[in-house]
Amino acid sequence: MQSVTVTIGRNVPTPATFTQDLNDTTFTNVGPDLQETLVLTDEHWHGFTELVKEALEMVPTLVGATESWIETHDGLGEWDGVQEQSRKLTLIHNGAPLQGQDLTQLEVCLVLAKSAYYQDAVALSFGESTLV
């Protein structure tokens with residue numbers, strides 16, 4: 001089985017951070033200062049997760065998989081010295097490894113998702129499982 005994992009994150013609320021509606025353009029901080037203090041609301045966190053999930057859901061068709069599922073795991077991590085909540089969405093499938101134009105298509109969808117929610121990056125990794 002093949003796996004494609006996307007890891008996303010959002011800042012953990014602290015006294016130095018705040019939750020801001022992304023549709024509100026009256027930010028008091030802009031640029032890097034905003035990104036360091038912005039915490040996605042639960043609604044936006046869910047929306048970001050759903051965009052990533054939708055991107056992963058197209059992969060089985062692209063690689064000819066007949067069996068697939070997505071697992072979601074939450075945890076805590078750190079990005080640029082800032083503690084954040086992390087979420088790993090892993091697609092497991094029995095198709096071919098993702099490569100070429102199909103990989104590019106997934107990467108474009110993930111760039112659009114991260115940009116829509118003002119995130120620095122998403123991590124994309126691949127694997128092939130072996131039963132032992």
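When I say salt bridge today, I mean a side-chain nitrogen of Lys or Arg within 4 Å of a carboxyl oxygen of Asp or Glu. Keep that in mind, and keep in mind too that what's on the screen is a predicted model.

So, salt bridges. By that rule the count comes to two. One of them is Arg 10 with Asp 42, where the closest N and O atoms sit 3.0 Å apart. Arg 10 is in strand E1 and Asp 42 is in helix H2, 32 residues apart, so this pair links distant parts of the chain. The two ends have quite separate surroundings: Arg 10 is buried, with a relative accessible area of 10%, whereas Asp 42 is exposed, at 58%.

The other bridge is Arg 87 with Asp 74, and there the closest N and O atoms are 2.5 Å apart. Again we're linking distant parts of the chain: Arg 87 belongs to strand E5, residues 82–93, and Asp 74 to strand E4, residues 68–79, with their positions 13 residues apart in the numbering. Arg 87 counts as buried, because its relative accessibility is 12% and the cut-off is under 20%.

Let me step back to the whole chain for a moment. We have four helices and six strands, and reading along the sequence you get β-β-α-β-α-α-β-β-α-β. There are 132 residues, and 35% of them count as buried. If you take contacts between residues at least 6 apart in sequence, 68% join residues at least 24 apart.

Now to helix H4, residues 100–116. Does the length add up, and what should it be? At 1.5 Å a residue, its 17 residues should span 24 Å, and the end C-alpha atoms are 25 Å apart, which agrees.

Which residues of H4 are buried? Leu 103, Leu 106, Leu 110 and Ala 113. They cover an arc of only 85 degrees around the axis, which puts them on the same side of H4. The general background here is that an α-helix has 3.6 residues a turn, so residues three or four places apart point the same way. On the other side of H4, Gln 101 and Leu 112 are exposed. And what covers the buried residues? The cover includes strand E1 (2–11), helix H2 (42–57), helix H3 (59–63) and strand E6 (123–128). Just after H4, have a look at Tyr 118, which takes a positive phi of about 55 degrees.

Right next to that in the sequence we get to the aromatics. The count comes to two aromatic pairs. In one of them, Phe 48 and Tyr 117 are tilted, 5.6 Å centre to centre with 35 degrees between the planes. Phe 48 lies in helix H2 and Tyr 117 in the loop between H4 and E6, so the pair ties together parts that are 69 residues apart in sequence. Both rings are tucked away: Phe 48 counts as buried at 0% relative accessibility, and Tyr 117 counts as buried at 13%. Ring pairs link Trp 45, Phe 48 and Tyr 117 into a cluster.

One last stop in helix H2, which is where His 44 is found. Is His 44 buried or exposed? Buried, at 11% relative accessibility. Its side chain makes a polar contact with the side chain of Thr 41, at 2.9 Å.

Notes: Residues numbered from 1 in each chain as written. Predicted model: local features only at pLDDT ≥ 70, side-chain atom pairs only at ≥ 80, totals over all residues. Heavy atoms only, no water. Helix = DSSP H or I, 4+ residues; strand = E, 2+ residues; numbered from the N terminus. Expected span 1.5 Å × (residues − 1). Buried < 20%, exposed > 50% of the residue type's maximum accessible area, 1.4 Å probe, protein only. Arc of directions from axis to C-beta. Contact = heavy atoms within 4.5 Å. Polar contact = N/O pair within 3.5 Å; in protein donor to acceptor, adjacent residues only side chain to side chain. Phe/Tyr/Trp six-rings, centres within 6.5 Å; stacked < 30°, edge-to-face > 60°.
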